[in-house]
Amino acid sequence: MLPVFVFGLVVLNFVAFSSLANSNDVVLAENGYEANDYSYRYPMYDVTLAFGDSITQLGYEHENSGWVTHLSNRYVRNMDVLNRGFSAFSTRRAKDIAHVVFPVRKGAYANGSPVDGSSGWFGWLTNGARNIKQKVFKDDSLATNNWPENKRPFPARRSKVQLCILFFGANDAADPRDYRHIPLAEYSLNLRYLINMLRNPASMYYAPETRILIITPPAVGDKMSKETFMKYGWTYGPHKNVVTKKYAEAAVDVAKDLDMPYVDMWTAIESRVQESRKHLAAEPSLESRKDNRYDGYDEFLIDGLHLNSKGNELLYNLLVETIDKNWPELHPRHVTTSDYYE
């Protein structure tokens, strides 16, 4: 008798979920989105997505004046800045996880099934559960009532990625003996692959409204980098500035070929270091020359590879300059969500 009772409960739940999945009262279709688009409509701002390696991951270190922290502060109350930095990642590994970093485009659902391909009764149960979540947020005060500040409505709509920043190459350029190394030609192809995910209309991640900005890997302080890695048991320095330069040039070539804005961090640091060395060469004080044991790269790098406070501030300033020049509509004064806080 008990198995029959349990079976009956399963059937009743199945029917309930299925009816919810087909109920127009539950499946929202606001702002032009299809009724079977089960995107998570939490009231969020639009987004700037920073996708990169450890230099991006460490961009949230406020004590090191992280560049992502600066960018978040610039867009506070206007746009969310998401840090998707992954230490030790190359472009090859970035390709492996891009499907969980880039949002799935509107309408990328087939026959009411979610993107994971769930179908049949399991898909119905899954969709029903998602729709109940939609119902909760439809009735939730956060989505329907006025936001406390200035009695303005919080932006209760599906957020969009307004800007995607791709910042890879430092690990790709590592020594071939290093597992992170990616051949130069593949690095270029991988960058194009990531961009194509957002630009190809056939892609599930197609986002024509998303602006894309490429950052090249920064210059490397060879002496400092080697010293840092040998402290951790390495017998060689896996990063060389002359090699990284080639990857930076490849990134610039991809950006130019696809007509995309870019920030050349290799040149930005290298040119400033060389200028400082010229001044140092003219300095008669032997003491000041002793202080230049890292050839000036320690002015911008904390360990020969990652940015220090000054390096982070340099990158942030170049980013803002590039964004404002190419997309003035992304200035905080013009971002749409700022209208909620007049």
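## A pocket beside an edge strand

P261, Y262, V263, D264, L318, E321, T322, K325 and N326 line the second largest pocket of this predicted model. The space inside comes to about 240 Å³. Sorted by class, the lining breaks down into four nonpolar, two polar and three charged residues. Helix α12 (309-326) is the biggest contributor, with five residues. Strand β7 also does its bit: β7 and α12 each supply at least two residues of the lining.

**The sheet behind it**

So where does β7 sit in the overall fold? The chain has twelve helices and seven strands, and five of the strands form an open sheet, ordered β2-β1-β5-β6-β7, with parallel pairing. The edges are β2 (80-85) and β7, each of which pairs on one side only.

Here's how three of the strand pairs look, one row per pair:

| Strand pair | Sense | Bridges |
|---|---|---|
| β1 (residues 47-52) and β5 | parallel | six |
| β5 (residues 161-167) and β6 | parallel | five |
| β6 and β7 (residues 262-263) | parallel | two |

If you want to check the register by eye, there is a handy residue pair for each row. T48 stands opposite L163 in β5. C164 faces I212 in β6, and I214 has Y262 of β7 opposite. Y262 turns up again in the pocket lining, so to speak a link between sheet and pocket.

**β6, wrapped up on both faces**

Is strand β6 (residues 211-215) buried or exposed? Five of its five residues are buried, so β6 is largely enclosed by the rest of the structure. That goes for both faces: R211, L213 and I215 are buried on one side, and I212 and I214 are buried on the other. Note that R211 is on that list too. For context, 48% of the chain's 342 residues count as buried.

The route from β5 to β6 runs through helix α7 (residues 184-199), and together β5, α7 and β6 make a right-handed β-α-β unit.

**Two loop residues, two settings**

Just past the sheet, P217 lies in the loop between β6 and α8 (222-231). P217 has a relative accessible area of 1%, so it falls in the buried class. Which residues does P217 touch, not counting those up to four places away in sequence? They are F167, F168, G169, A170, Y187, T244, Y247, A248, M265 and W266. In space, P217 and K245 are 8.1 Å apart, C-alpha to C-alpha, with their positions 28 residues apart in sequence.

L58 makes a nice counterpart. This leucine is found in the loop between α2 (54-57) and α3 (67-74). With a relative accessible area of 30%, L58 is partly exposed. Leaving aside neighbours within four places in sequence, L58 is in contact with G66 and H306. The H306 partner comes from far along the chain: L58 and H306 are 248 residues apart in sequence, yet 8.3 Å apart in space, C-alpha to C-alpha.

How does that fit with the chain as a whole? Among contacts between residues at least 6 apart in sequence, 76% join residues at least 24 apart.

Definitions and conventions: Residues are numbered from 1 along each chain as its sequence is written. This is a predicted model: local features need pLDDT of at least 70, side-chain atom pairs count only at pLDDT 80 or more; totals for chains, interfaces and linings use all residues. Side-chain values use heavy atoms; hydrogens and water are left out. Buried means under 20% relative accessible area, exposed over 50%, partly exposed in between (1.4 Å probe, protein chains only). Helices (H or I, at least four residues) and strands (E, at least two) are DSSP runs, numbered from the N terminus. Two strands pair if DSSP finds at least two bridges between them. A crossover is right-handed if, with the strands pointing away from the viewer, the path from the first strand over the helix to the second runs clockwise. On a 1 Å grid over the protein atoms alone, a cavity is a set of points where a 1.4 Å probe fits but cannot get out, and a pocket is an open set with protein on both sides within 12 Å along at least five of seven lines; lining residues have an atom within 4 Å of a point. Grid points are joined across faces, edges and corners, and a volume is the space filled by probe spheres set on the points. Ala, Val, Leu, Ile, Met, Phe, Trp, Tyr, Cys and Pro count as nonpolar, Asp, Glu, Lys and Arg as charged, and the others, Gly among them, as polar. Contact means heavy atoms within 4.5 Å.
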